[in-house]
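Here are a few short exercises to work through with the model open beside you. Try each task before reading its solution.

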Amino acid sequence: MASTIKLKSKNYIIVAVAFLLGAIIVLIPCVIVISRKSIDCSSTSSEPSTWDANDYQSNSDYYDKLTITYDFNQTHNLRLDRLSSPCFHPINGKSVIYLRKQYHMPDLNGSSTTLHWIDLNTNKTIQLTRPIWGIQDQQFYWIDNKTILFLSNRASSGLTQLFQLNLPNDIKDIDNFLEPIQITFYSLNIDNLLVNRQGKRLVFSCQVYTNLSIEETFYRDKLEKSSGSFVYKFNKLFIRHWDEYIIGRRHHPFVVSIERNSKGIYYFSSIPKDILFNIDIDSPTRPFGDGKTQWSFSSTGNLFAYTRQHDETSDVAWTTNLDIYTVDLTSSALTSICITCENLAADTDPHYSPIDDQILVYRSQSIPSYEADQYKIKLINGSNPKITLLNDWDRSIQVITWSNDGQSLYLELGEEANEVIYKLSNLILPNPSPIRLLNNGTSSNINIHPIDNNIFLFTYENILQPSNIYLYLSSTSIRSITNHNKNLLSKTRMSSSFEKFSFIGANNEIVWGWHIPPINGTNQKAPLAFLIHGGPQNSWYNSWSYRWNFQSFSSQGYAVIAINFHGSDSYGQNFTNSIRQQYGTLSYQDLQLGLDAALNLYNYIDGNRAIALGGSYGGYMVNWIAGHTNMNQRFKAFVNHHGIFDMRHMAYSTDELWFIEYDAGGFAPYENPQTFEIYNPINYVANWTQPMLVIHGGYDYRVPDSQSISTFTALQRRGIPSRLLFFPTENHWVLNPFNSIIWYQEVLDWMNQWTK
């Protein structure tokens with residue numbers, strides 16, 4: 001359930017005013033904090049900021065100058081550099097390029113994502129592209145020794161376009177930033193990019209009307225905006241999806257041949273062709289699909305595979321069916337052929353073998369309309385029957401990466417609330433056995449060495465440390481190659497330990513949870529932050545978060561307990577499936593028993609000063625607990641972030657109907673009303689007694705804002721101390737850094753108020 005929010009510099013003053021107003025009225029019992037954000041129009045954009053060396057400071061430089069150490073809080077969390085997409089030098093693997101997102105220091109008034117280079121022998125790091133606030137470099141491809149293609153909004157129009165970066169013979173000699181060359185000049189943003197291995201073809205996506213070109217789409221939008229009318233018309237679902245209205249434009253992939261001119265600059269040597277022209281669907285899929293995972297070129301670059309939904313009818317709202325199509329790029333017709341249409345569940349993320357055009361692997365589910373179904377690996381080898389790899393394995397595959405020799409697959413997956421990495425070799429044998437390479441924390445973003453297929457890069461994080469880029473040489477030789485956040489972490493105090501604990505939960509089964517002690521230790525009684533995760537088919541992972549961060553609570557003096565109740569993922573598919581038609585039973589029992597276990601194990605925790613906090617399904621569970629007298633009095637107060645209040649209304653107003661319908665037993669509410677009433681929090685409002693902070697975003701179409709407005713209305717009508725925190729321009733998540741700080745200020749003030 002998720003997305004990202006872009007800030008425009010012209011709105012910073014408005015945000016600052018909103019921040020101050022929030023601070024002034026924080027003591028008013030019922031407060032609504034309002035923030036503002038500019039509308040992101042894909043066809044228009046303001047001029048990008050210009051470079052000002054005096055206005056640039058890294059978090060490393062800023063914290064290096066500090067002379068005291070601070071208790072970690074959400075402001076420090078948001079100041080952390082965010083590192084991603086590590087990639088080896090494509091020929092010798094002796095150096096690495098990665099993305100680094102930085103925030104304006106110290107006020108977080110803007111961000112910039114740039115390309116960085118590091119020499120693996122000397123650890124010398126060079127920032128390749130200029131960090132300009134508001135500029136985001138992304139989706140880069142290291143084509144050869146000296147050439148990088150990437151997307152960026154560095155264009156004078158402010159739109160995201162294709163750029164080329166030419167590297168010097170010796171990158172270590174760079175004493176200033178490299179200036180990229182703009183390749184495309186479209187009137188719309190380019191959203192996704194994929195380049196084939198030969199550097200001869202690429203695919204990019206733009207949001208276009210199904211039967212119009214890029215420029216025709218731009219002019220149609222321009223005409224409609226100048227008409228003076230403003231109305232949306234719908235004949236089918238989706239009306240809204242995640243945080244946007246679906247009003248006509250679609251993500252369509254455009255394929256084009258590329259060549260270099262006499263100066264070595266790439267240009268389009270053919271007319272880009274819309275592979276989905278006149279088809280009313282998206283590829284990549286909304287809201288979170290991306291070209292790097294949902295598109296694939298074959299080893300020769302002559303075949304292209306992509307994932308698409310079936311958006312042509314309203315069925316798209318109640319089925320998870322995704323299919324994979326392939327296209328022969330040597331044919332003038334560019335006809336798409338479905339290779340998975342026999343399966344009515346999700347088939348996605350195609351990956352051609354790097355050495356054989358006939359071999360392709362992808363992730364596949366078997367239960368239609370169940371998004372949390374187990375993902376298995378399917379393998380296609382020419383006209384041979386499809387093979388399911390690891391068919392008896394009780395793990396759900398998240399990411400597949402080929403080794404460069406085409407003999408092995410690297411697998412990223414959840415395992416007991418860690419995101420681990422396995423290697424699977426001997427694919428053609430009847431029962432290949434996966435080998436676990438990394439088994440704790442969260443490891444992802446694998447990139448394989450161009451020469452040695454046993455060496456790879458990955459990003460790693462856990463509850464105690466934010467993400468860094470690591471080099472895996474062997475099971476006994478793994479090292480971090482980045483340390484951008486070292487100074488920040490050295491000047492902040494955080495909890496230095498965490499513990500995984502277990503207890504006997506519902507169904508007499510083992511259930512696990514996390515315990516993070518407060519920074520001031522366990523020698524004195526401490527209040528409790530009892531966190532309830534969303535999903536519900538999700539988990540509190542051993543990872544770092546920029547939203548629900550354990551350290552942002554423990555560093556303010558709270559013990560943190562987070563239970564992965566029945567329905568959580570990564571503990572086997574049966575455990576995940578168990579929550580179906582059991583929204584208010586097994587998970588509720590686990591939370592009761594988990595709280596008992598935590599208080600028995602950690603006697604420094606003051607059970608009389610406990611606050612329960614939950615988001616999404618966790619917010620539903622807060623409402624459910626609030627209505628049940630055998631549990632609600634155990635908490636001094638509640639924090640309800642985007643929680644469900646009325647299951648029946650939710651079933652008619654949410655965007656992706658499959659979530660609630662499948663979990664309710666596979667029924668629509670008119671088919672079996674009782675299955676939506678049996679665990680409906682609205683039916684237990686009469687039992688509510690405890691204070692509650694209610695939080696919601698106006699752009700949340702997964703759990704619409706009427707759910708939290710109804711919750712707050714019920715609380716006020718019953719005379720229960722309560723407060724509504726409403727962010728008009730946030731979706732299911734609070735992503736604007738200023739709003740995130742307000743969120744934590746309000747939440748911690750509420751918690752402190754009731755745990756004194």
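## Rings, strands and buried threonines

Trp743 is buried, at 4% relative accessible area. Keep in mind that this is a predicted model.

**Exercise 1.** Classify the ring pair of Trp743 and Tyr744.

*Solution.*
- Start with burial: Trp743 sits at 4% relative accessible area, and Tyr744 comes in at 3%, so it counts as buried too, the cut-off being under 20%.
- Next, the geometry. A pair of aromatic rings is described by the distance of the centres and the angle of the planes.
- Here the centres are 4.9 Å apart and the planes meet at 65°, so Trp743 and Tyr744 form an edge-to-face pair, because planes over 60 degrees apart get that label.

**Exercise 2.** Do the same for Tyr620 and Trp624, then place the pair in its surroundings.

*Solution.*
- The whole-structure search turns up 47 aromatic pairs. In the pair Tyr620 and Trp624, the centres lie 6.3 Å apart with the planes at 10°, so these rings are stacked.
- Both residues belong to helix α10 (residues 617–626); being four residues apart, they are separated by about one helical turn.
- Tyr620 is buried at 0% relative accessibility, and Trp624 is buried at 4%.
- Now zoom out: ring pairs link Tyr620 and Trp624 into a cluster with Phe565, Tyr583, Tyr617, Tyr679 and Tyr684.

**Exercise 3.** Work out which strands stand at the edges of the sheet β6-β7-β8-β9.

*Solution.*
- This is an open sheet of four strands in the order β6-β7-β8-β9, with antiparallel pairing.
- β6 (137–144) and β9 (181–182) each have a single partner strand, so one side of each lacks a neighbour in the sheet; they are the edges.
- Check how β9 is attached: two bridges join it to β8 (residues 161–166), running antiparallel. Gln164 stands opposite Ile181 in β9.

**Exercise 4.** Describe the settings of Thr217 and Thr285: buried or exposed?

*Solution.*
- Thr217 is in helix α4 (residues 214–226) and is buried, at 0% relative accessible area.
- Leaving aside neighbours within four places in sequence, Thr217 has contacts that include Leu188, Tyr209 and Arg249.
- Thr285 sits in the loop between β16 (273–274) and α5 (291–294). Thr285 is buried as well, at 8%.
- Beyond four places in sequence, Thr285 touches Gln294, Thr307, Arg308, Gln309 and Leu322. The C-alpha atoms of Thr285 and Leu322 are 8.9 Å apart, with their positions 37 residues apart along the chain.

How values were computed
Residues are numbered from 1 along each chain as its sequence is written. This is a predicted model: local features need pLDDT of at least 70, side-chain atom pairs count only at pLDDT 80 or more; totals for chains, interfaces and linings use all residues. Side-chain values use heavy atoms; hydrogens and water are left out. Buried means under 20% relative accessible area, exposed over 50%, partly exposed in between (1.4 Å probe, protein chains only). Contact means heavy atoms within 4.5 Å. Two strands pair if DSSP finds at least two bridges between them. Rings of Phe, Tyr and Trp (its six-membered ring) pair if their centres lie within 6.5 Å; planes under 30 degrees apart count as stacked, over 60 as edge-to-face and the rest as tilted.
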